[in-house]
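The following paragraphs lead the reader through a single protein model, from selected backbone positions to the interior and the overall form. Please keep the sequence and the structure in view while reading.

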Amino acid sequence: MEGVLLLNKPAGMTSHDCVAKMRKLAKTKKVGHTGTLDPDVTGVLPLCLGRATKIVEYLTASHKTYEAEVTIGFSTTTEDASGEIVDSKKVEGDLVTTQVNEVLSSLEGTIEQTPPMYSAVKINGKKLYEYARAGIEVERPTRMITINECKLISDINNSKGLSKFRFRVTCSKGTYVRTLAVMIGEKLGYPAHMSHLIRTKSGQFSLEECLTFEEVEQIVEQNQLQGQLISIGEALNDLPKLIIHDTLAEKVRNGAVLDLPSDYHTTNVGEPIAIYNDKNECLAIYTKHPSKSHLMKPIKVLMI
């Protein structure tokens with residue numbers, strides 16, 4: 001059993017809960033997820049089974065797309081609807097589309113973001129949420145994130161001193177959408193929090209392709225799970241691809257250093273190159289050699 005299962009994560013489960021359940025369904029210990037989703041968040045969660053656990057890091061690095069709802073008028077400890085209210089301010093007048101569009105477009109590009117206290121980011125070996133639960137405030141390092149798109153996708157609901165609207169954001173790894181909701185509120189002059197979130201795309205994978213746990217359970221009962229898994233080679237389609245012949249394939253399986261094709265001379269050290277055989281099976285992940293620019297070396301052999 002190996003490959004990538006596209007799960008439509010349900011609300012109320014952590015990503016780790018999903019992994020644990022999939023281990024039982026697939027009867028294998030080798031299951032890993034490709035990017036943490038908070039319990040209340042639903043949507044695309046690729047799970048890697050068997051040998052595919054070796055490629056988790058390459059799927060995690062992909063850009064993600066979310067559809068979120070932000071509530072303007074009060075903020076919470078967790079920056080989402082599950083937290084306690086920490087600040088409130090009635091929205092005066094009605095927020096209008098032009099005003100919101102201007103704020104959303106101002107967030108596009110490379111920006112700084114500070115992870116929320118209730119997050120899994122580690123400081124001195126402890127996760128931030130552990131400090132938060134103990135009532136300890138620690139300094140959080142800012143990080144650079146990239147927002148490719150941030151667009152309004154609903155009408156603005158102005159009612160009883162609150163304003164709500166939905167937006168779609170495509171962003172880089174490490175972006176906290178709930179913090180983005182807070183930033184949107186700050187730019188509008190009000191406390192805010194994220195009141196709903198669904199991940200609609202993770203790299204090349206979209207929500208329409210995903211299965212619910214109920215569907216997975218039916219497939220397992222029919223003994224057809226392997227047929228629903230995306231192959232390792234297909235899952236790595238987003239990476240630069242190099243197809244090699246059988247003779248060279250044997251060297252790749254043994255972890256040999258290879259000549260770097262002229263087409264890849266602009267590749268930086270550390271950037272992955274997926275090596276395939278003529279059967280479209282991904283054999284290994286290579287990268288440009290750190291000291292010999294005309295060579296490339298393996299960073300992960302996938303097929304021995």
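**A guided reading of the model**

Lys 160 lies in the loop that joins strand E11 (157-159) to strand E12 (162-171). The model is a predicted one. The phi angle of Lys 160 is near 55 degrees, a positive value in a residue other than glycine. Is Lys 160 buried or exposed? With a relative accessibility of 81%, Lys 160 counts as exposed, because the threshold for that class is over 50%.

A second non-glycine residue with a positive phi is Glu 79, where the angle is about 70 degrees. Glu 79 also belongs to a loop, the one between strand E5 (74-76) and strand E6 (85-88). Its relative accessibility is 13%, so Glu 79 counts as buried. Lys 160, by contrast, is exposed.

The protein as a whole contains eight helices and 19 strands. Its C-alpha atoms fill a box of roughly 70 × 50 × 40 Å along the principal axes. Of its 304 residues, 48% count as buried. Among contacts with a sequence separation of 6 or more, 67% are made by residues 24 or more positions apart.

The interior may be approached through strand E12 (162-171), which follows the loop of Lys 160. Which residues have the most contacts inside the largest nonpolar core? They are Met 22, Phe 165 and Phe 167, in a core of 50 residues. Helix H5 (residues 177-188) supplies the largest share of this core, namely six residues. Apart from this core lies another, of 21 residues, which includes Cys 48, Val 56, Tyr 276 and Leu 302.

Phe 165 merits a closer look. Beyond its neighbours up to four places away in sequence, Phe 165 touches Ala 68, Glu 69, Val 70 and Ile 72. The contacts of Phe 165 also include Leu 95, Val 100, Leu 152, Ser 154, Asp 155 and Ile 156. Ile 184 and Leu 188 complete the list of residues that Phe 165 touches.

Three hydroxyl-bearing positions may be considered next. Ser 15 is in helix H1 (residues 15-26). Ser 15 has a relative accessible area of 1% and is therefore buried. Outside the four sequence places on either side, Ser 15 touches Lys 9, His 33, Gly 35, Thr 36, Leu 37 and Leu 45.

Thr 53 is placed in the loop between strand E3 (42-49) and helix H2 (56-60). With a relative accessible area of 27%, Thr 53 is partly exposed. How far apart in space are Thr 53 and Val 31, C-alpha to C-alpha? The distance is 6.4 Å, although 22 residues separate the two in sequence. Val 31 is also one of the residues in contact with Thr 53, together with Lys 30, Gly 32 and Cys 48, when neighbours within four places in sequence are left aside. Cys 48 is among the residues of the 21-residue core.

Thr 146 is found in strand E10 (residues 143-152). Thr 146 is partly exposed, with a relative accessible area of 26%. Leaving aside neighbours within four places in sequence, Thr 146 is in contact with Gly 109, Thr 110, Thr 170, Cys 171, Ser 172 and Thr 175. Thr 146 and Ser 262 are 116 residues apart in sequence, and their C-alpha atoms are 30 Å apart.

The cysteines can be examined in turn. A search of the whole structure finds zero disulfides. Cys 210 is in no disulfide, and the nearest cysteine sulfur, that of Cys 18, is 11 Å away. Cys 210 counts as buried because its relative accessibility is 11%. Why does Cys 282 not form a bond with the closest cysteine sulfur? The closest cysteine sulfur, in Cys 48, is 13 Å from that of Cys 282, which is too far for a bond; a disulfide requires two cysteine sulfur atoms within 2.5 Å. Cys 282 also counts as buried, at 3% relative accessibility.

The last points concern surface and charge. The accessible surface of the protein comes to about 15300 Å², and 46% of that area belongs to carbon and sulfur atoms. There are 36 positive and 37 negative side chains in the protein. The centres of these two sets lie 6 Å apart.

Note on methods
Residues are numbered from 1 along each chain as its sequence is written. This is a predicted model: local features need pLDDT of at least 70, side-chain atom pairs count only at pLDDT 80 or more; totals for chains, interfaces and linings use all residues. Side-chain values use heavy atoms; hydrogens and water are left out. Buried means under 20% relative accessible area, exposed over 50%, partly exposed in between (1.4 Å probe, protein chains only). Helices (H or I, at least four residues) and strands (E, at least two) are DSSP runs, numbered from the N terminus. Contact means heavy atoms within 4.5 Å. Accessible areas come from the Shrake-Rupley method with a 1.4 Å probe; for residues, only the protein chains shown count as cover. Lys and Arg count as positive and Asp and Glu as negative; His and the chain ends are not counted. The place of a charge is taken as NZ of Lys, CZ of Arg, CG of Asp or CD of Glu. A nonpolar core is a set of buried Ala, Val, Leu, Ile, Met, Phe, Trp, Tyr and Cys residues joined through side-chain atoms within 4.5 Å.
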